[in-house]
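User: Please take a close look at one buried acidic residue and its surroundings, and say how far the model can be trusted there.

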Amino acid sequence: MTSTDPAAPAAPTGGDPTPTAPDAVLRHGLRTRHLTMMGLGSAIGAGLFLGSGVGIATAGPAVLVSYALAGVLVVLVMRMLAEMASAVPSSGSFSVYAEEALGRWAGFTLGWVYWFTIVMVLGVEVTGVARIVTGWAPGVPQWAVALVVVALFAVVNLVGVRQFGEMEFWFAAIKVVAIVAFLVVGAALALGLLPGTDPVGTSVLLADGFAPTGVAGVAAGLLVVVFAFGGIEIVTIAAAEAEEPQRAVARATRSIVWRILLFYVGSVALMVLVLPWDAPALQEGPFVAVLDLAGLPGAARLMEVVVVLALLSAFNANVYATSRMAFSLAGRGDGPAALRRVSRRDVPWVAVLVSVVLGLVAVALNWLLPDALLGILLNAVGASLLVVWILVAVAQLRLRPRLEAEARAAGRPLELRMWLYPWLTWATLVALAGVVVLMATDAAARSQLLATAGLVAVVVAVYGVTAVVRRRR
């Protein structure tokens with residue numbers, strides 16, 4: 001693929017890729033283990049630790065079907081994205097591929113919609129951390145905690161990409177260890193291996209039937225859980241700064257998707273095996289509820305610590321993702337030139353600072369206008385992940401023939417291929433369209449869908465204005 005994006009590396013002609021300017025100014029400091037743990041860490045967050053209880057309350061034990069469907073959908077989208085990223089690593093990732101496949105308007109729109117979405121999420125994450133920490137120390141104001149968090153991770157992201165990768169690796173490792181420990185304790189509880197417990201069998205699971213709320217509950221549960229997998233796409237954004245990016249992104253993606261499915265489906269399966277699906281404790285804190293049942297003292301405080309670490313890890317990764325996306329957009333002439341400025345450590349420092357400052361603005365909106373402007377903005381980002389996934393599928397559908405032709409000309413195979421192309425790509429697009437239809441039939445989800453459509457329309461309009469200005473110069 002010969003990219004029109006100056007921020008994308010040229011398609012490789014064999015061997016290790018040699019990025020061209022201006023992505024070449026970014027240091028290749030990330031290893032495969034960094035990419036793998038970054039993907040795991042970004043997807044394993046508050047959506048799993050807190051949100052899984054809502055999904056169970058919506059669909060009952062049949063939420064396992066919802067998680068399996070959502071997980072398969074994410075695996076397919078990530079396979080497509082990884083195919084393109086392993087062939088042409090770029091800090092703009094899916095924005096660059098959308099531009100190649102559909103035109104400059106698509107790259108501009110997808111890049112800035114994603115950037116806006118993650119900036120808003122930054123505010124939510126740092127607010128969540130501040131609220132939990134001030135619960136531990138009531139005398140500390142929330143704004144002080146938020147400021148410390150933002151300052152800390154601004155420094156981490158400015159120091160260098162290797163340091164960022166190391167911190168994200170250990171953050172994610174802690175979350176993975178917590179999930180694995182939960183799976184071990186939950187399995188021991190379900191099998192009656194803990195003191196004072198008996199094997200539960202399926203008595204709790206099927207007490208009200210596997211799907212007590214019917215097919216409608218499974219569909220509603222799908223809407224609750226599908227966005228919990230968001231964040232895994234950071235692997236392909238980071239590919240441009242990886243050592244041996246083609247091989248690294250392919251290896252990382254292969255391992256990430258199946259581990260995430262195991263963690264999500266395995267954790268939720270244990271929850272519905274040992275506790276009634278309508279137990280209030282599951283909605284309040286599903287992991288805590290299971291650990292309390294296992295008789296582990298301090299389970300609630302332990303999970304609070306894990307949730308804080310999960311939020312900090314996600315905040316760290318999202319500062320990275322927004323700064324690199326802004327860097328790429330600016331490199332293609334679709335953002336202020338200042339966002340291209342790079343420090344002596346090869347970090348786009350202006351883009352990093354813009355992300356963290358706007359994250360603080362989102363925090364301020366969260367405190368000042370919780371039921372007004374912030375609610376509108378969060379609604380607008382609610383379905384934006386669907387926009388990303390749909391355009392990823394369309395881009396892969398159109399770019400695959402080009403990638404294969406260039407690989408043949410270079411005398412090498414594609415590092416990673418989407419399965420059963422093009423039929424599985426088309427099936428994924430149909431499934432994503434089905435999710436959109438489900439959202440349109442649900443009152444709460446419908447408002448998110450409409451707000452996201454409004455956000456996309458605004459970004460497209462801004463592109464139209466900038467295109468007119470460029471033509472008149």
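Analyst: pLDDT is the predictor's confidence in each residue, on a scale from 0 to 100. This is a predicted model, and its chain averages a pLDDT of 84, with 91% of the residues scoring at least 70. Among the elements of the chain, helix α5 (residues 94–102) has the highest mean pLDDT, 94, and helix α16 (residues 373–382) the lowest, 60. Over residues 2–22 the pLDDT stays under 50; the model has 53 contacts beyond four places in sequence for that stretch.

The residue in question is Asp334, found in the loop between α14 and α15 (349–368). Buried means under 20% relative accessible area. Asp334 has 5% relative accessibility, so it counts as buried. Its side chain makes a polar contact of 3.0 Å with the side chain of Arg104. Leaving aside residues up to four places away in sequence, Asp334 touches Glu99, Arg104, Phe108, Trp112, Leu329 and Arg470.

Helix α6 covers residues 104–136. From its first C-alpha to its last, this 33-residue helix reaches 49 Å, close to the 48 Å expected at 1.5 Å a residue. Because 24 of its 33 residues are buried, α6 is largely enclosed by the rest of the structure.

Helix α14 (residues 299–331) supplies 18 residues to the largest nonpolar core, the largest share of it. That core has 154 residues, and those touching the most other members are Leu35, Phe49, Phe94, Tyr97, Tyr320 and Trp389.

Definitions and conventions. Residues numbered from 1 in each chain as written. Predicted model: local features only at pLDDT ≥ 70, side-chain atom pairs only at ≥ 80, totals over all residues. Heavy atoms only, no water. Core = buried A, V, L, I, M, F, W, Y, C linked by side-chain atoms within 4.5 Å. Buried < 20%, exposed > 50% of the residue type's maximum accessible area, 1.4 Å probe, protein only. Helix = DSSP H or I, 4+ residues; strand = E, 2+ residues; numbered from the N terminus. Expected span 1.5 Å × (residues − 1). Contact = heavy atoms within 4.5 Å. Polar contact = N/O pair within 3.5 Å; in protein donor to acceptor, adjacent residues only side chain to side chain.
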